[in-house]
Amino acid sequence: MRLNKLFASMLLVGATVSGNAHAGFEPFTVTDIQVDGLQRVALGAALLSLPIKVGDTVDQTKLQQAIKSLYGSTNFEDVKVSRDGGVLIVEVKERPTISTITFEGNKDIKDEQLQESLDGSGVKVGEALDRTMISGIEKGLQDFYYGVGKYGAKVEAQVINLPRNRVELKFNFTEGLAAEIKQINFVGNTVFSDAQLRGMIELKDYVAWWDLFGERRYQKQKLQADLETIKNAYQNDGYIRFNVTSTQVAMTPDRKGLYITINVDEGDQYKVKEVNLTGDLMGREELMKAILPIEAGTTYDGGDVTFTEEMYSKYLGRFGYAYPEVKTYPEIDDATKEVTLNINIKPGKRVYVRNINVTGNEVTKDEVLRREMRQMEGSWLNSALVETSKARLNRLGFFETVDTETVQVPGSDDLVDVNFTVKEQPSGSFNAGVGYGTESGLSLQFGVQQSNFLGTGNQAGINLSTNKYSKNINLSYTDPYFTKDGVSLGGSIYWNEFDANEANLERYKNKSYGVALNTGFPINEYNRINAGIGYRHNTISEISAYEQALRFYDIYRESDDPNSELSFDNFELSLGWYRSTLNRGTFPTDGSSQRLSGKMTVPGSDLQYFKTEFDTSFYFPLTRSHNFVMLARAKAGYGNGYGKFNDNDQILPFWENYYLGGTSLRGFKSNTVGPRSFYVMRDNEPCPPDPSGNGCSLPGDPNRIEVSQGRSIGGNAMAVASVELIVPTPFLDEAYTNSVRTSFFVDAGNVWDTEFDYDAYRTLPADQFDKLQDFSDPSRIRASWGMSVQWLSPMGPMVFSLAWPIKEYEDDDTEIFSFNIGKTF
């Protein structure tokens with residue numbers, strides 16, 4: 001449109017000049033320039049766009065150039081030129097200013113997306129409107145709708161004039177219905193069947209009834225991505241000559257359905273003849289050849305070629321080469337069906353790091369992130385140190401994602417900036433917990449726990465929790481960088497009241513309070529030592545008189561008051577080792593972690609005992625994208641007493657026993673896996689065993705003695721293992737993969753009491769002794785299988801599990817369904 005006006009103006013000028021020339025017109029010298037019609041544009045700006053100045057001699061050509069230049073300034077939509085003697089008169093009509101931009105009828109495209117598209121075309125509020133662009137914008141938006149299968153869509157732009165040369169730009173959308181894919185056909189394929197190819201791509205011509213989020217909608221962008229997916233699948237299987245020869249998208253007459261036909265030329269399968277490394281190998285040719293993952297004689301794999309290029313690029317990045325060029329040039333021998341791969345390496349120039357920039361941390365302070373950096377400013381760029389820095393940030397657990405980018409400094413070929421972009425996630429500032437199990441029922445808890453207190457990276461918490469069996473108050477604070485070298489210091493004060501009878505255990509009550517101080521020392525990048533000291537007071541009451549508890553109770557109870565409470569004051573020492581190479585603190589997908597910890601009471605405490613635990617986890621990514629991950633983990637623990645008390649061997653207090661079930665062994669009720677208590681009864685009355693071997697210390701018929709089973713009591717030894725297959729969460733957008741995790745698992749484990757002497761009860765009737773043995777049979781390894789979904793929310797982590805025991809025993813307390821909010825993974 002603008003060109004038409006410009007051409008018309010040129011013709012007008014030409015006609016005017018020609019007419020004047022016929023009347024004796026001659027070029028004139030400009031004595032003054034007059035510009036009429038200016039409102040928004042300053043006179044100086046208009047004169048700068050005019051290639052004519054006072055004193056210039058003007059002819060027809062210069063007038064044409066002047067008009068073209070004024071139109072080219074994008075400020076005017078109409079220009080007229082005339083003369084009055086030596087005065088050049090320029091009459092302009094300015095382009096109107098866009099006052100507002102509105103959208104109506106758009107559902108598939110958000111206003112923000114539309115405005116972003118308009119911004120790219122220079123159509124913004126406050127800018128001049130170029131009417132010649134309207135039709136192009138309309139067509140572009142309509143093409144977008146065609147690209148997502150809405151062939152009945154219409155877009156109309158409306159310009160509404162406002163006072164003071166302003167306009168409102170209004171876009172009206174009629175989107176219509178999306179055309180569905182009726183059928184996807186493949187022609188020329190023999191290596192992969194139609195069903196296999198359909199399974200590879202995102203576009204679908206069939207959606208199962210149960211797939212609530214599936215759709216058969218056509219999208220042009222998805223089709224292009226699907227074609228690339230098919231090409232990669234063939235080339236990864238050796239078909240280097242594979243080609244998509246054509247693609248047809250045919251519409252039904254009613255414009256509501258589509259038929260897609262993809263024609264392919266598979267070619268033949270090729271093998272790798274040899275691999276050559278060329279270019280500047282920096283004197284490391286032997287090493288580079290040693291780590292080469294492609295071998296001669298194997299089937300050509302395009303994915304391996306890409307992986308090799310990336311691997312060498314990362315390797316060179318360790319030595320400061322930020323922008324290496326690693327390209328593979330294949331030599332294809334169609335006669336022998338072989339490929340020679342020539343990998344050319346150009347390291348480029350070695351670079352320094354100028355600045356390390358961090359963005360996205362709205363809560364977390366910069367110093368918290370910078371103290372995790374292993375790449376230093378002013379040193380050679382080292383990609384391994386950048387990746388280590390990224391991994392350390394991920395392991396903090398404060399961020400959902402951490403991304404890095406190396407950017408060259410403008411005007412310099414040996415300086416770069418390293419940019420870290422983080423996306424923060426809830427770090428447990430508020431913890432409201434709800435738990436539910438098919439057997440354990442409902443439990444509630446409330447707490448305030450902040451792993452990133454005020455953005456300092458320090459851990460602080462005031463936890464108040466209550467449920468049907470426990471009440472707890474805990475004040476804690478830990479500074480992980482008490483010194484700049486990473487030495488941590490922390491402490492806690494706590495009070496707890498526990499009713500075992502309500503926790504699926506044999507009855508006893510435990511009131512405790514204490515204080516603890518701990519510190520940690522980094523050994524290297526992956527290993528850390530922790531140590532602590534603390535004081536704990538326990539008051540034990542209302543103990544059920546089952547045989548295992550009496551063994552402990554008889555040692556410490558007052559002889560003149562056998563039903564009295566037991567109180568203990570203990571000083572504890574703890575020591576631990578922790579190693580982690582996990583790639584993330586939350587939902588890791590690669591690496592491993594090991595933790596060995598132990599605690600013991602100080603000699604001279606009321607109770608003398610020790611406990612030690614080992615916990616390990618290994619994550620094995622099964623795909624390069626880490627969509628599928630195998631997780632193997634195991635945990636074991638052992639505790640016992642040491643020394644003597646009143647000539648009796650000290651034993652592990654029963655409230656320090658290990659327990660399994662619930663989240664630790666899914667499919668079984670919380671705390672129920674392991675040994676059961678038992679009672680020796682005669683005529684429904686407790687009957688303690690007689691050391692002389694008569695079966696019962698009370699007089700009466702020994703044949704009337706019975707052993708009855710009680711509830712779970714835990715044990716001093718524990719082992720549990722789990723194997724999980726982590727899979728993409730169905731129907732969930734990829735944007736949520738870092739906050740939602742789905743897995744299928746198999747759990748197995750048990751708890752044992754290795755110190756209780758069951759042989760002391762052999763004097764009982766044989767059938768009763770056999771029954772007693774069943775209560776503590778160590779061969780009963782409990783196992784279960786099922787699925788679990790875990791996700792992060794502002795309220796804390798949530799866990800949903802479905803689990804079924806692989807084999808049940810009569811005394812097992814199973815729990816198929818469990819759901820927890822605010823539960824630690």
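This tour moves through one structure stop by stop, naming what to select and what is found there.

**The whole chain**

Begin with the entire model, which is predicted. The chain holds 825 residues, and 42% of them count as buried. Its secondary structure comprises 13 helices and 38 strands. Of the contacts between residues at least 6 apart in sequence, 61% join residues at least 24 apart. With a surface display switched on, the chain exposes about 42,300 Å², of which carbon and sulfur atoms supply 52%.

**Gly-55 and the loop around it**

Select Gly-55, in the loop between α2 (43-48) and β3 (57-58). A relative accessible area of 47% makes Gly-55 partly exposed. Which residues does Gly-55 contact, once its neighbours within four places in sequence are left aside? They are Thr-29 and Val-30. Val-30 is 25 residues away from Gly-55 along the chain, yet their C-alpha atoms are separated by 5.2 Å.

**Two salt bridges**

Next, select Asp-205 and Arg-198, whose side chains meet in a salt bridge with an N to O distance of 3.4 Å. Asp-205 counts as buried because its relative accessibility is 18%, under the 20% limit for that class. Arg-198, by contrast, is partly exposed, with a relative accessible area of 26%.

Proceed to helix α8 (residues 285-290), which contains both Glu-285 and Lys-289. These two residues form a salt bridge in which the closest N and O atoms are 3.1 Å apart. They stand four residues apart, about one turn of the helix. An α-helix has 3.6 residues a turn, so residues three or four places apart point the same way. Side chains of opposite charge can pair when their charged atoms come close. Both partners count as partly exposed: Glu-285 at 35% relative accessibility and Lys-289 at 44%.

**Helix α11**

Select residues 383-395 to display helix α11, which has 13 residues. Its end C-alpha atoms are 18 Å apart, in agreement with the 18 Å that the helix should span at 1.5 Å a residue. At the N-terminal end, show the side chain of Asn-382: one of its oxygens lies 2.9 Å from the backbone nitrogen of Ala-384, and Asn-382 thereby caps the helix. Beyond the helix comes Gly-397, with a positive phi near 80 degrees.

Now colour the buried residues of α11, which are Val-386, Thr-388, Ser-389, Ala-391, Arg-392, Leu-393 and Asn-394. What do these buried residues pack against? Their partners are α10 (366-370), β16 (399-408) and β17 (415-424).

Arg-392 deserves a separate selection. Together with Glu-372, Arg-374 and Glu-525, Arg-392 is linked in a network of salt bridges. A search of the whole structure finds 25 salt bridges.

**A nonpolar patch on the surface**

Select Ile-462, Leu-464, Ile-473, Leu-475, Ile-493, Trp-495, Tyr-513 and Val-515. These residues form a nonpolar patch on the surface, and their accessible area together is about 690 Å². The elements that give two or more residues to the nonpolar patch are β20 (459-466), β21 (470-479), β22 (488-499) and β23 (509-522). For a single member, centre the view on Leu-475 in strand β21. Leu-475 counts as partly exposed, at 41% relative accessibility.

**From Lys-509 to Glu-542**

Select Lys-509 and Glu-542, a salt-bridged pair whose closest N and O atoms are 3.6 Å apart. The pair links distant parts of the chain: Lys-509 belongs to strand β23, while Glu-542 sits in the loop between β24 and α12 (547-556), and 33 residues separate them. Lys-509 counts as partly exposed at 32% relative accessibility. Glu-542 is also partly exposed, with a relative accessible area of 42%.

**Asn-527 in strand β24**

For the last stop, select Asn-527 in strand β24 (residues 527-541). Is Asn-527 buried or exposed? Asn-527 counts as buried, its relative accessibility being 15%. With residues up to four places away in sequence left out, Asn-527 touches Pro-522, Trp-577, Tyr-578 and Arg-579. Display the side chains of Asn-527 and Trp-577 to see the polar contact of 2.9 Å that joins them.

Conventions: Residues are numbered from 1 along each chain as its sequence is written. This is a predicted model: local features need pLDDT of at least 70, side-chain atom pairs count only at pLDDT 80 or more; totals for chains, interfaces and linings use all residues. Side-chain values use heavy atoms; hydrogens and water are left out. Patches are made of residues with over 30% relative accessible area and no salt bridge: like charges are joined within 9 Å, nonpolar side chains (Val, Leu, Ile, Met, Phe, Trp, Tyr) within 5 Å. Accessible areas come from the Shrake-Rupley method with a 1.4 Å probe; for residues, only the protein chains shown count as cover. A salt bridge is a side-chain nitrogen of Lys or Arg within 4 Å of a carboxyl oxygen of Asp or Glu. Buried means under 20% relative accessible area, exposed over 50%, partly exposed in between (1.4 Å probe, protein chains only). The expected span of a helix is 1.5 Å times one less than its number of residues. Contact means heavy atoms within 4.5 Å. A polar contact is a pair of N or O atoms within 3.5 Å; within protein, one must be able to donate a hydrogen and the other to accept it, and residues adjacent in sequence count only if both atoms are side-chain atoms.
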